[in-house]
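The following paragraphs lead through the backbone elements, the packing and the aromatic contacts of one protein model. Please keep the sequence and the coordinates in view while reading.

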Amino acid sequence: MAAKYDKSRPDYFARVYRQKVLIERSFDCFRCTIKGRGLNSSLVCTGKIQPTEHSEVYKIRLKYDGASSPKVYVVDPELPLDINAHMYSDKRLCLYYPKENPWKHTKSISDTIIPWTAEWLVYYELYQIDGKWHGPFVPHKGSKS
């Protein structure tokens, strides 16, 4: 007997699959895989971003489970943990102010998170020059204001 579809539960697989298709359609430099099934589905994408023609090429890893916000990490070159550079303690990039809640699962990662990552990388490179975060920010716990 087939399992009944429960309309009250989100379809996480559909969410991660949709994002996979949209990312790969917009960015041929990204490779995405879906791990798990159903409620345990998660999307993992790896790609390279060069935010300007004068910038380094950064390899990033993006993780999305269909329920929470996507998480983005720079995996090469390995960046040192620096909360003043708008990183979380696990080195995940802080791409937006969470209390403003700009991410929703109905949005496209390829239209939001990936461009925000490229923008973050530009601000990071400027931060490396003068130690000042030039992008929009809200001070993090423990960071310099």
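Helices are DSSP runs of H or I with at least four residues, numbered from the N terminus. The model discussed here is predicted. With that definition in hand, W120 and Y124 can be placed: they are 4 residues apart in helix α2 and are therefore separated by about one helical turn. Both W120 and Y124 are buried, and this pair is taken up again below with the other aromatic contacts.

The account of the helices begins with α1, which comprises residues 12–26. Its 15 residues reach 21 Å from the first C-alpha to the last, close to the 21 Å expected at 1.5 Å a residue. The buried residues of α1 are Y12, R15, V16, Q19, K20 and I23. These residues lie on the same side of α1, because they cover an arc of only 135 degrees around the axis. Against what do they pack? Their partners are β1 (30–35), β2, β3 and α2 (113–130). R25 also belongs to α1, but with a relative accessible area of 66% R25 is exposed, since the cut-off for that class is over 50%. The C-alpha atom of R25 is separated by 8.9 Å from that of S110, although the two residues are 85 residues apart along the chain.

A residue in a loop also touches α1. S41 lies between β1 and β2, and its relative accessible area of 2% makes it buried. Beyond its neighbours within four places in sequence, S41 is in contact with Y12, F13, V16, K35, G36 and D65. Two of these, Y12 and V16, are among the buried residues of α1.

The strands come next. In a regular strand the side chains alternate between the two faces of the sheet. Strand β3 (residues 58–64) shows this alternation: Y58, I60, L62 and Y64 point to one face and are buried, whereas K59, R61 and K63 point to the other face and are not buried. Strand β3 pairs with β2 (residues 42–49) in the antiparallel sense, over 7 bridges; R61 of β3 is the bridge partner of T46. Strand β3 also runs antiparallel to β4 (residues 71–76), to which 5 bridges join it. Here K63 has K71 of β4 as its bridge partner. The hairpin of β3 and β4 has 6 residues between the strands, and in it G66 takes a positive phi near 85 degrees.

The backbone of the following segment also deserves attention. Most residues other than glycine have a negative phi, and most peptide bonds are trans. Against that background, which bond is cis? The peptide bond joining D76 and P77 is cis, with omega about 0 degrees. P77 lies in the loop between β4 and α2, and H86 is found in that loop as well. H86 has a positive phi, near 60 degrees, in a residue other than glycine. K91, also placed in the loop between β4 and α2, has a positive phi of about 75 degrees although it is not a glycine. Is each of these two residues buried or partly exposed? H86 counts as buried at 7% relative accessibility, while K91 counts as partly exposed at 28%.

The aromatic contacts complete the picture, and the structure holds 8 aromatic pairs. In the pair of F27 and F30 the ring centres are 5.8 Å apart and the planes stand at 65 degrees, so the pair is edge-to-face. F27 is partly exposed at 23% relative accessibility, whereas F30 is buried at 1%. In the pair of W120 and Y124 the ring centres are 5.2 Å apart and the planes are at 10 degrees, so this pair is stacked. These two residues also belong to a cluster in which ring pairs link W120, Y123, Y124, Y127 and W133. One further ring, that of Y88, has a charged neighbour: the charged end of R92 sits over the ring, 4.1 Å from its centre.

How values were computed: Residues are numbered from 1 along each chain as its sequence is written. This is a predicted model: local features need pLDDT of at least 70, side-chain atom pairs count only at pLDDT 80 or more; totals for chains, interfaces and linings use all residues. Side-chain values use heavy atoms; hydrogens and water are left out. Buried means under 20% relative accessible area, exposed over 50%, partly exposed in between (1.4 Å probe, protein chains only). Helices (H or I, at least four residues) and strands (E, at least two) are DSSP runs, numbered from the N terminus. Two strands pair if DSSP finds at least two bridges between them. The expected span of a helix is 1.5 Å times one less than its number of residues. The arc is that of the directions from the helix axis to the C-beta atoms. Contact means heavy atoms within 4.5 Å. Rings of Phe, Tyr and Trp (its six-membered ring) pair if their centres lie within 6.5 Å; planes under 30 degrees apart count as stacked, over 60 as edge-to-face and the rest as tilted. A charge sits over a ring if NZ of Lys or CZ of Arg is within 6 Å of the ring centre and within 35 degrees of the ring normal.
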